[in-house]
Amino acid sequence: MTYDERTVVHRDEVVDGDPVDPRYDRGTAVTSRTVERRPSGGAVVGRIVVFLFGLIQAVILLRIVLLLLDAREGNDLVSFILNTSQIFVSPFNGMLNVDNLKSGGSVFDLAALLALIGWTVLEAIILAAVGIFKREPSV
């Protein structure tokens, strides 16, 4: 991770010798240094991308689990998760001849699995593109 670093140097002249610390004789310069480190812009953008794609992936994973467990779609929370995840899964519907594998009431949503893989690949591409524009620290 790249960090922006800013160094601030203060120089003070000691007029009289310091009786407590004999290192500071008359006229010796005292230097204090403050280093401020914070993530660079590219690192912040990378964190935001990872966070947003993490939310998308979590919703898709919840969809897969809820459909495998045959969760009741009448429940408000289950309905919300399935409807929200449908936004991210719908571009991947119809890619395969079979979108769902059914066993009793349980459903394995292959389109959701493809969506999870697709969104992860897209995240990796975006992170690689952001990485191109990261500044390297100067020596």
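This note goes through the helix packing, the nonpolar cores and several individual residues of a predicted model.

1. Overall make-up. The protein chain of this predicted model contains three helices and four strands, and when it is read along the sequence these elements follow the pattern β-β-α-α-β-β-α. Of its 139 residues, 24% count as buried. Among the contacts between residues at least 6 apart in sequence, 56% join residues that are at least 24 apart.

2. How H1 and H2 are placed. Two packed helices are described by the angle between their axes and by the distance between those axes. Helix H1, residues 41-68, packs against helix H2, residues 76-89, at an angle of about 120°, and their axes are 9 Å apart. H1 and H2 are therefore oblique to each other, and H1 passes H2 in a left-handed crossing.

3. What makes the contact of H1 with H2. On the H1 side the contact is made by Ile56, Val59, Ile60, Leu62, Arg63, Leu66 and Leu67, while H2 contributes Val78, Ile81, Leu82, Thr84, Ser85, Gln86, Phe88 and Val89. Sorted by class, the residues of this contact are 11 nonpolar, three polar and one charged.

4. A polar residue in that contact. Is Ser85 buried or exposed? Ser85, which lies in helix H2, has 0% relative accessibility and therefore counts as buried, since the cut-off for that class is under 20%. Leaving out residues up to four places away in sequence, Ser85 touches Val59 and Arg63, and both of these residues are listed on the H1 side of the contact between H1 and H2.

5. How H1 and H3 are placed. The axes of H1 and H3 come within 10 Å and cross at roughly 180°, which makes H1 roughly antiparallel to H3. From H1 the contact draws on Gly42, Val45, Gly46, Val49, Val50, Phe53, Ile56, Gln57, Ile60, Leu61, Arg63 and Ile64, and from H3 on Ala112, Leu113, Ala115, Leu116, Trp119, Thr120, Leu122, Glu123, Ile126, Leu127 and Val130. These residues divide into 17 nonpolar, four polar and two charged.

6. Residues listed in both helix contacts. Ile56, Ile60 and Arg63 of H1 appear in the contact with H2, and Ile56, Ile60 and Arg63 are also named in the contact of H1 with H3.

7. The nonpolar cores. Which residues form the largest nonpolar core? It has 12 residues, namely Val49, Phe53, Ile56, Ile60, Ile64, Val89, Phe92, Ala111, Ala112, Ala115, Leu116 and Trp119, and H1 and helix H3, which spans 110-132, each supply at least two of them. Apart from this core lies another, of six residues, among them Leu66, Val78, Leu82 and Val107.

8. Phe53 in the largest core. Phe53 belongs to the largest nonpolar core and, not counting residues up to four places away in sequence, touches Trp119, Leu122, Glu123 and Ile126. These four partners are named on the H3 side of the contact between H1 and H3.

9. Leu67 in H1. Leu67 lies in helix H1 and is buried, with a relative accessible area of 15%. Leaving aside its neighbours within four places in sequence, Leu67 is in contact with Leu82, Ser106, Val107 and Asp109. Of these partners, Ser106 is 39 residues away from Leu67 in sequence, although the two are 6.2 Å apart in space, C-alpha to C-alpha.

10. The loop between H1 and H2. Leu69 lies in this loop and is exposed, with a relative accessible area of 64%. Leu69 and Gly105 are 36 residues apart in sequence and 8.3 Å apart in space, C-alpha to C-alpha. Asp70, which is also in the loop between H1 and H2, is partly exposed, with a relative accessible area of 47%. The phi angle of Asp70 is near 55°, a positive value in a residue other than glycine.

Notes
Residues are numbered from 1 along each chain as its sequence is written. This is a predicted model: local features need pLDDT of at least 70, side-chain atom pairs count only at pLDDT 80 or more; totals for chains, interfaces and linings use all residues. Side-chain values use heavy atoms; hydrogens and water are left out. Axes are lines fitted to C-alpha atoms, for helices over the stretch in contact, and angles run from 0 to 180 degrees between N-to-C directions. Helices (H or I, at least four residues) and strands (E, at least two) are DSSP runs, numbered from the N terminus. Angles under 35 degrees count as roughly parallel, over 145 as roughly antiparallel, 65 to 115 as roughly perpendicular and the rest as oblique. A crossing is left-handed if the near helix is turned anticlockwise from the far one by less than a right angle, and right-handed if clockwise. Contact means heavy atoms within 4.5 Å. Ala, Val, Leu, Ile, Met, Phe, Trp, Tyr, Cys and Pro count as nonpolar, Asp, Glu, Lys and Arg as charged, and the others, Gly among them, as polar. A nonpolar core is a set of buried Ala, Val, Leu, Ile, Met, Phe, Trp, Tyr and Cys residues joined through side-chain atoms within 4.5 Å. Buried means under 20% relative accessible area, exposed over 50%, partly exposed in between (1.4 Å probe, protein chains only).
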